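Visitor: Could you take one part of this model and examine it closely? I would like to see how it is built and what surrounds it.

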Amino acid sequence: MEAGARYVSPLDPHSPAARDIATLWWWMLAAAAIVFAGAIALLWLGWRRRGEPGLPWIGESERFNTGLVVAFGMVIPAVVLSALFVGANLVVMRDTEPPSRSATAMTIVAIGHQWWWEFRYPESGVVTANELHIPASTSVNLEARSADVIHSFWVPELNRKIDMVPGQRNRIELYAEHAGTYRGQCAEFCGLQHANMAFNVVAEPQSGFQSWLRQEQAPAEPPQGAEAVAGMRAFMEGACASCHTISGTEARGTVGPDLTHVASRATLAALTGPNRHGFLDQWISDPQSIKPGSKMPGLELTEAQFRSLVAYLSGLR
Amino acid sequence: MAIAIPPEARSRVERLESIWKEGSGIVGWLTTVDHKRIGILYFFTSLAFFAAGGVEALLIRTQLIGPNQGVVGPQTFDQLMTVHGVTMIFLFVVPMSVGAFGNYLLPLMIGARDMAFPRMNAVSYWIYLCSGIFIYVGLFTGNGPSAGWFNYVPLASRAYSPGPGIDFYALGLMFTGISTTAAAINIIVTIFKLRAPGMSINRMPLFCFAFLAVSFALVFALPPLNIALFLLELDRLLGFHFYDVGLGGNAILWQNLFWIFGHPEVYIIILPAFGIATSIIPTFTRRRMVAFPLVALAEILVAFIGFGVWAHHMFAVGLSSVTTIYFAAASLVIVIPSGIQLFAWITTIVTGTPRFQTPLLWIIGFIVLFILGGLSGVMFAAIPFDQQLTDTYFVVAHFHYVIFGAAVFPLLGGMYYWFPKVTGRMYHEGWGKTSFWLTFAGMNLTFFPMHILGLAGMPRRDYTYGGDLGWTALNAIETIGAYLLAAGLLTVAANLAVSLFRGAPAGADPWQGDTLEWSTSSPPPPYNYAVIPTVTSPYAMWDREDRDADVRNLAEGEKTLEQGHETASTSVVDAEWDEILEMPSRSWWPPVVAVALSGVFAFILLQRWLAAGIFLLLTFAAIGGWHWKEPQEA
């Protein structure tokens, strides 16, 4: 995320589920503050009366002391914890459980890879990476999968996290009340570049989303100009095509992100940097110094090949 | 100051001195079976690992001091954070509490002359030392494990972690598990069979209840871990597919097995600390613990219920709602026994006449930190909140409040408290208090902001972060806090190290302590007690008539057992005289067994099966040699 630095906080909710969790937190914080203050007050009392045995007014009564332990250590916790249990695990949880399929307007499959995100829209055949578009104020059924190790899909402002476990298809509801960009990131340690495995959820009004979807469904734009044509040739003949897909071309690789419309995306390499000249050039020429351990190899390219590749990729809108 | 020896008993004491005489020099330490010496070995070894884990933590914090730092790369960072966790949990806290405190203090507290199995005790230590070195060989050769301390598969499988790092982890933990299991069994038998006559179960100090609970928890918690590790090594070294999803394996199997061990482990870590707290509080508040039976019961219950909550570490993996709700309920239930103990400590302090000296300060710090860590812990039993905040810095904050605040603070308090007993000298009170406040401030400065970072969306285990996410200032504060924390801990170490040579003589009982260990000289003689004490309450040292009776017994030669290398054995529940046990003498076999076993693990790691087999035979040969003769004759 480039411009507009801001917290990506569960306490800044943009969906009913995230708001419920945030409310739950504030209640728990209030209760915790009361318990903590009470315990500190007792310890302070112990310090104030360090010379005198027993309690004020009551004095020394072993039965009363035991009663205190039972009251504070058993009875009050039992009541408070029962309330917490009902509130959190029976009430709030209804909003954060996987949605029933009939209640959602569409399904998106999110697949975690070391260290990027693949997003598939089975109903329209769209495949993209690291930038998840959804219609605003629409309930989306998100299916979380993994292509390799365990990752966790987490957009703190929209909902709780859900792990992406190989062999499992976990589901979660994705819902954004307003149009906007919401940062998501991997929340289960998944290896070297776990820290650089983020994505954006772009929530748009229905019409904007539909036009985005139409654009994504289209095959890649043919290269414009001699340099881009040369870039396409370098892409197809070099190593690139063995790992990336560009629909409408012979590039069919599935190791790295689908690049059919890569130029329309705001960031590169799972939010490692902005998608514009400068970073794109660096990323192609020396990915290992930007994201050490990434599966993207540094390529031996001539200056001309390199420039033409950049020209080609920048045209894939 | 030794306890008063009546003149007519002098010859008996001299006889005991000669029978129990410890070997001198390095050979004496290598072959020792004395629980106090083994405890001291455990102490310094685990302290060294604490220092190593601390350096790792400082490197981690330095890397995170600001955005996009290059102090260490991702590869090193991942190894550091993994080995930091493994070190602190397996090589520091458990060996320090169970190995050092348990070994040194339990026999003294129950009036025994040694642990039930002195040579098994020695072998536990030597195996622990060798396994710790084994794990660090990995780190120092650049092959440290890097999949985090809970080492989730498939990340930890051969396909995604090809080097030997994970093998160092898996084999190292199995190796150290042998030591811990042996130590736990030893403690259980010692507590059951070697208590002083009259110390029926209900008169046992709460410290012993805590260690009994911990030892049982260890015996039952380690097998699932060992199975998980064994299956992992079958996958990694021999191509099995237990965790291989592509071939019908299951990645969640690892998580279940690991946390069936891992959550009880949390209580294994903090229960000894509770035991230390229940030793220090009565002494410094000059009154008996409030609600003693409830606290004893709570210690046992915590260890027991701890086995039924493991899946709360897995609420985000997509378990069914029914499963998560069950485990959330169980996790809430365990709050109750913790609440009982907490308010028993607080009520004892409030109703007593506390002396706010260094050991009690650490315990009060512990209480405050444990409340904070407990409160944030309870929040994780709220499933949606757990699913939102798990794997963020909020969790890192929570478990450091529990592990550092609730486990390490009492250990540090305990070091001050028993320092006079172990060394015969007093520490420096002023520096003791300074060290507490430095550590307390550093601890909170390091870990409190982590709650906020988690709520600001920072995941744990990120080796770097962008400057545009609002995380910079809090991270910088935490790193400064970590240095302050290190300064506090170094002050503790310096205070104790200087006091070892310059401290004022402490005498046998500088605190008017409540338990038996304060009745013997400081440091205690190798045989601990010239007379096997007779006990009539959990506060044996406060029963003056009983202790006077010990001195009379010494004069009359009653219960002195000076005919051989002997201690008393009593019945399990009522602690009635059972028999006199002939205790084994020093031996070379324990370190030899540990070294041979090291060969087994090293060659498994190198996949040199023949050599591993040879070392396994050597290990059995050493165990055979050990048992060739009755240990008393060796």
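**Helix H1 of chain A and its surroundings**

Guide: The buried residues of helix H1(A) are A:Ala17, A:Ala18, A:Asp20, A:Ile21, A:Ala22, A:Leu24, A:Trp25, A:Ala39 and A:Gly46. The model in which they are placed is a predicted one. In an α-helix there are 3.6 residues to a turn, so positions three or four places apart face the same way. H1(A) itself covers residues 16-48. Its 33 residues should span 48 Å because each is expected to add 1.5 Å, and the 47 Å between its end C-alpha atoms agrees with that figure.

The partners of these buried residues come from both chains. Within chain A they pack against helix H2 (62-96) and strand E8; on the side of chain B, the partners are H11, H12 and H13. This gives two directions to follow, one into the interface and one into the sheets of chain A.

The interface may be taken up next. Here 67 residues of chain B are in contact with 72 residues of chain A. On the side of chain B that touches chain A, at least two residues each are supplied by helices H4 (74-109), H8 (251-285), H10 (321-333), H11 (335-351), H12 (358-379) and H13. H11(B) makes the largest contribution to that side, with 12 residues. By residue class, the side of chain B that touches chain A consists of 45 nonpolar, 16 polar and 6 charged residues.

Beyond H13(B), the chain passes through a loop between H13 (383-389) and H14, and B:Asp391 is found there. The phi of B:Asp391 is positive, at about 65 degrees, although this residue is not a glycine. B:Asp391 counts as buried because 21 C-beta neighbours lie inside 10 Å. In helix H14 itself, residues 393-423 of chain B, one finds B:Tyr401. B:Tyr401 is likewise buried, because 26 other C-beta atoms lie within 10 Å of its own. Leaving out residues up to four places away in sequence, B:Tyr401 touches B:Leu369, B:Leu372, B:Gly373, B:Ser376 and B:Phe447. B:Ile371 is 30 residues from B:Tyr401 in sequence, and their C-alpha atoms are 8.8 Å apart in space.

A second positive phi in a residue other than glycine, near 65 degrees, belongs to B:Arg461. The loop that holds B:Arg461 lies between helix H15 (429-455) and helix H16 (472-502) of chain B. B:Arg461 counts as partly exposed because it has 19 C-beta neighbours inside 10 Å, whereas B:Asp391 counts as buried.

The largest nonpolar core has 306 residues, and those touching the most other members are B:Cys208, B:Val214, B:Ile270, B:Leu271, B:Val295, B:Ala344 and B:Phe366. With neighbours within four places in sequence set aside, B:Val214 is in contact with B:Val98, B:Ile268, B:Leu271, B:Pro272 and B:Ala303.

The other direction leads from H1(A) to strand E8(A), which is among its packing partners. E8(A) belongs to an open sheet of 5 strands in chain A, with mixed pairing and the order E3-E2-E1-E5-E8. Strand E8 (170-174) and strand E3 (126-129) are its edge strands, each pairing on one side only. Neighbouring strands in this sheet are turned against each other by 25 degrees on average, direction ignored. E8(A) runs antiparallel to strand E5 (residues 140-146), and 5 bridges join the two. A:Arg171 in E8(A) stands opposite A:Glu143. Elsewhere in chain A, the loop between strands E1 (106-113) and E2 (116-121) holds A:Trp115, which is joined to A:Gln114 by a cis peptide bond with omega about 0 degrees.

Chain A has another open sheet of 5 strands, ordered E4-E10-E9-E6-E7 and also mixed in its pairing. Its edges are strand E4 (131-135) and strand E7 (162-164), and the average twist from one strand to the next is 25 degrees. E4(A) pairs in the parallel sense with strand E10 (residues 198-204) over 5 bridges, and A:Pro135 stands opposite A:Glu204 in E10(A). Helix H3 of chain A, residues 206-217, lies across E4 and E10 and runs at about 135 degrees to E4(A).

To return to the starting point, the buried residues of H1(A) pack against elements of both chains: H2 and E8 of chain A, and H11, H12 and H13 of chain B.

Note on methods
Residues are numbered from 1 along each chain as its sequence is written. Chains are lettered from A and ligands numbered from 1 in the order in which they are written. This is a predicted model: local features need pLDDT of at least 70, side-chain atom pairs count only at pLDDT 80 or more; totals for chains, interfaces and linings use all residues. Helices (H or I, at least four residues) and strands (E, at least two) are DSSP runs, numbered from the N terminus. A residue is buried if 20 or more other C-beta atoms lie within 10 Å of its own, exposed if 12 or fewer, and partly exposed in between; C-beta atoms are placed from the backbone. Two residues are in contact if their C-beta atoms, placed from the backbone, lie within 7 Å. A nonpolar core is a set of buried Ala, Val, Leu, Ile, Met, Phe, Trp, Tyr and Cys residues joined through C-beta atoms within 7 Å. Ala, Val, Leu, Ile, Met, Phe, Trp, Tyr, Cys and Pro count as nonpolar, Asp, Glu, Lys and Arg as charged, and the others, Gly among them, as polar. Two strands pair if DSSP finds at least two bridges between them. Axes are lines fitted to C-alpha atoms, for helices over the stretch in contact, and angles run from 0 to 180 degrees between N-to-C directions. The expected span of a helix is 1.5 Å times one less than its number of residues.
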